[in-house]
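Work through these short exercises with the model open beside you. Try each task before you read its solution.

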Amino acid sequence: MALLYGGNLDATARPMGNVGFNHSRVRVTSCVYTGTPTDADDIVFGIFKSNDRIKDIRLSVIDGSATAGAINVGVWTADSSNNGLAITVVDADRFASAQSINADIAYPGSSVFEEAGTLTIADRGKKLYEQAGVATDPGGNYAIVGEVSTTADAAVTLLVEIEYVAGD
């Protein structure tokens, strides 16, 4: 009988990198946004370390009678070193592309992790920089951002829950 190991263990059954049996911490961060976002807006859902592992991104919506509205969900670099947050796009629709926000999506929401078709279930165990398509770990922080691709024509309430394993 052969022992086969998934992406969390190396060939000697040791935990890979900085997330292992004794040190992993599954966390959830929630972002609630209520308003009428326009296609000039970006909504920051959360800030993460480059070696955090995003397990899922779930979107719930309460529609305030909007008939239009959509967001891309992607990865941006995040720098808060100058008393403010500066974000720079890495891949604006890495997770979701033109995800509708003009119809009710009941809690616990819909997973948008694979909506864009760029990522698969095999990408859920990777570090965020790998999920972003970056070859080597640049260190630092990334933001998961909702880039409004179609202006909402009425108020909506979004709940975005991001489940991740912290890399610390």
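**Exercise 1: Val-32**

Decide whether Val-32 is buried or exposed. Then place Val-32 in its strand and find what Val-32 touches.

Solution. The model is predicted.
- Step 1: Val-32 has a relative accessibility of 60%. Exposed means over 50%. Therefore Val-32 counts as exposed.
- Step 2: Val-32 belongs to strand S1, residues 25–35.
- Step 3: Leaving out residues up to four places away in sequence, Val-32 touches Thr-157, Leu-158 and Leu-159.
- Step 4: Now take Ser-60. Val-32 and Ser-60 are 28 residues apart in sequence. In space, their C-alpha atoms are 9.5 Å apart.

**Exercise 2: Ile-47 and its patch**

Which class of exposure fits Ile-47? Which residues make the nonpolar surface patch with Ile-47?

Solution.
- Step 1: Find Ile-47 in strand S2, which covers residues 42–49.
- Step 2: The relative accessibility of Ile-47 is 40%. Partly exposed lies between the 20% and 50% cut-offs. So Ile-47 counts as partly exposed.
- Step 3: Val-44 and Leu-85 join Ile-47 in the patch. The patch has an area of about 220 Å².

**Exercise 3: The hairpin of S4 and S5**

How many bridges join S4 to S5, and do the strands run parallel or antiparallel? Which residue in the hairpin takes a positive phi?

Solution.
- Step 1: Locate S4 at residues 70–79 and S5 at residues 86–100.
- Step 2: Eight bridges join these strands, and they run antiparallel.
- Step 3: Pick Val-75. Opposite Val-75 stands Asp-91 in S5.
- Step 4: Six residues lie between the two strands of the hairpin. In this hairpin, Asn-83 has a positive phi near 55 degrees.

How values were computed
Residues numbered from 1 in each chain as written. Predicted model: local features only at pLDDT ≥ 70, side-chain atom pairs only at ≥ 80, totals over all residues. Heavy atoms only, no water. Patch = residues over 30% accessible without salt bridge, like charges linked within 9 Å, V, L, I, M, F, W, Y side chains within 5 Å. Areas by Shrake-Rupley, 256 points an atom, 1.4 Å probe, with all protein chains shown as cover. Salt bridge = Lys/Arg side-chain N within 4 Å of Asp/Glu carboxyl O. Helix = DSSP H or I, 4+ residues; strand = E, 2+ residues; numbered from the N terminus. Buried < 20%, exposed > 50% of the residue type's maximum accessible area, 1.4 Å probe, protein only. Pairing = 2+ DSSP bridges. Contact = heavy atoms within 4.5 Å.
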